[in-house]
Amino acid sequence: MAGVLGFTNIDMSGAEVAYGNSATQLVTMNDTNMRYLAGIPQSATNSTISFSQLANAAFVVASSAGASVNVYTTATTAGWNGLGPLWFQITGNTYSSATGTASVVVGGNFPKGLILQINSGVYVIGKGGGGGPGRKGASGLPGNTGGVAIAVSGYSGGQLYINNLGTIAGGGGGGGGGGYGNTYSPPSGYFAGSTTYYTGGTGGGAAAFGTGPVGSNSGTLLTGGAGTNGNGGTTVAAGKGGTGGTPGNSGSAGTGGTSPGAGGAAGAATSGTVAASAIWINTGTRTGTVG
């Protein structure tokens, strides 16, 4: 969902209602909401705010479960004219459908700056990495790397602020495939011995909602899926796949058998040079690399 409230012609009572306050609440130009709308959230109390700073300001709320949120395109579609400060709130759990696309994408020109806010109790998590498969007579494959939660690329304009009142985490890494097994039949008479190979188990998909090979267990929003067992072997039993990682954490390596696969790496909480220089109003909970 996305909505916009423009303040070229400002209605301060309407502004308060939009932010969950009473329309009769006393409002001053030092009100926190007014400072956020003016793009100066950390300005000192009683410093000067003018109506010109509020011109073309916009407040947008959005969330997306399973599809990436592009801040710039969402805001312009909702009505922001691209000229004033933008206060953009993520109001619901947000995650992408693919590890190659960040859950929240920040790019474009924000001439008066951007305040990106993650509301209390909200999770922004990169897509979980898929589990690695076990193989028959070959090493288990590693789990896949998780996706990025917030990627900042091609950003220009004013200061980027991040107000994290919730949780930002990279996608967990997928579990590694289990080691392969075998049964060795020793030679008898003139016949050479023979070896039968068995397939290791599959690694579990990671949080958020990582999947994997056929038969694997997918992750949920906050937990990784369990690995599956291998399918046989008496000389060396086929191993079990690793568990998918939780948000911002690597997956577990496969176990047992011969040559199990490594767990996948976690995705970053934030990425991009502008993200690295962002001003954090509140850091909240961050799991995974920042910047």
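Let's start with Val-61, which sits in strand E2, residues 58-62. Please keep in mind that this is a predicted model. From Val-61 we can move on to a parallel sheet of 4 strands, the helix H4 that lies across two of its strands, and a nonpolar core of 29 residues.

**Val-61 in strand E2**

- Is Val-61 buried or exposed? Val-61 has a relative accessible area of 16%, and because buried means under 20%, this residue counts as buried.
- Along the chain, Val-61 and Gln-117 are 56 residues apart, yet 9.4 Å separates their C-alpha atoms.

**The open sheet**

- Four strands make up an open sheet in the order E3-E6-E9-E14, and their pairing is parallel.
- The edge positions belong to E3 (69-70) and E14 (270-271); each has a single partner strand, so one side of each lacks a neighbour in the sheet.
- E3 runs parallel to E6 (residues 104-110), and 2 bridges join them. If you want to find this pairing in the structure, look for Val-69, whose bridge partner in E6 is Val-104.
- Between E6 and E9, which also run parallel, there are 6 bridges. Here Val-106 has Val-152 of E9 as its bridge partner.
- E9 and E14 are joined by 2 bridges and run parallel. In this pairing, Ser-271 of E14 is the bridge partner of Ala-151.

**Helix H4**

- Residues 71-78 form H4, which lies across E3 and E6 and runs at about 65° to E6.
- Where does a side-chain oxygen of Asn-70 reach? At the start of H4, this oxygen comes to within 3.2 Å of the backbone nitrogen of Tyr-72.
- Within the helix, Val-71, Thr-74 and Ala-75 are buried. Viewed down the axis of H4, the buried residues fall within an arc of 95°, so they line one face of the helix.
- Those buried residues pack against strands E2, E3, E4, E6 and E7.
- Gly-79, just after H4, takes a positive phi of about 125°.

**The nonpolar cores**

- The largest nonpolar core has 29 residues, and among those with the most contacts inside it are Val-71, Phe-88, Val-106 and Ile-150.
- Which elements each supply at least two residues of this core? They are H4 together with strands E2, E4 (86-90), E6, E7 (114-118), E9 (150-157) and E10 (160-164).
- Another core, of 12 residues, lies apart from this one; its members include Ala-38, Ile-115, Tyr-161 and Ile-281.
- Phe-88 is a good residue to click on. Leaving aside neighbours within four places in sequence, Phe-88 is in contact with Val-60, Ala-62, Val-69, Val-71, Thr-74, Ala-75, Leu-114, Ile-115, Leu-116 and Gln-117. Of these, Val-71, Thr-74 and Ala-75 are the buried residues of H4 described above.

**Thr-228 in its loop**

- Thr-228 is found in the loop between strand E13 (194-198) and E14.
- A polar atom of the Thr-228 side chain lies 2.9 Å from the backbone nitrogen of Thr-202.
- Setting aside neighbours within four places in sequence, the contacts of Thr-228 include several glycines, namely Gly-201, Gly-215, Gly-239 and Gly-241. Thr-202, Ser-216, Asn-217 and Lys-240 are also in contact with Thr-228.

Definitions and conventions
Residues are numbered from 1 along each chain as its sequence is written. This is a predicted model: local features need pLDDT of at least 70, side-chain atom pairs count only at pLDDT 80 or more; totals for chains, interfaces and linings use all residues. Side-chain values use heavy atoms; hydrogens and water are left out. Two strands pair if DSSP finds at least two bridges between them. Contact means heavy atoms within 4.5 Å. Axes are lines fitted to C-alpha atoms, for helices over the stretch in contact, and angles run from 0 to 180 degrees between N-to-C directions. Buried means under 20% relative accessible area, exposed over 50%, partly exposed in between (1.4 Å probe, protein chains only). A polar contact is a pair of N or O atoms within 3.5 Å; within protein, one must be able to donate a hydrogen and the other to accept it, and residues adjacent in sequence count only if both atoms are side-chain atoms. A nonpolar core is a set of buried Ala, Val, Leu, Ile, Met, Phe, Trp, Tyr and Cys residues joined through side-chain atoms within 4.5 Å. The arc is that of the directions from the helix axis to the C-beta atoms.
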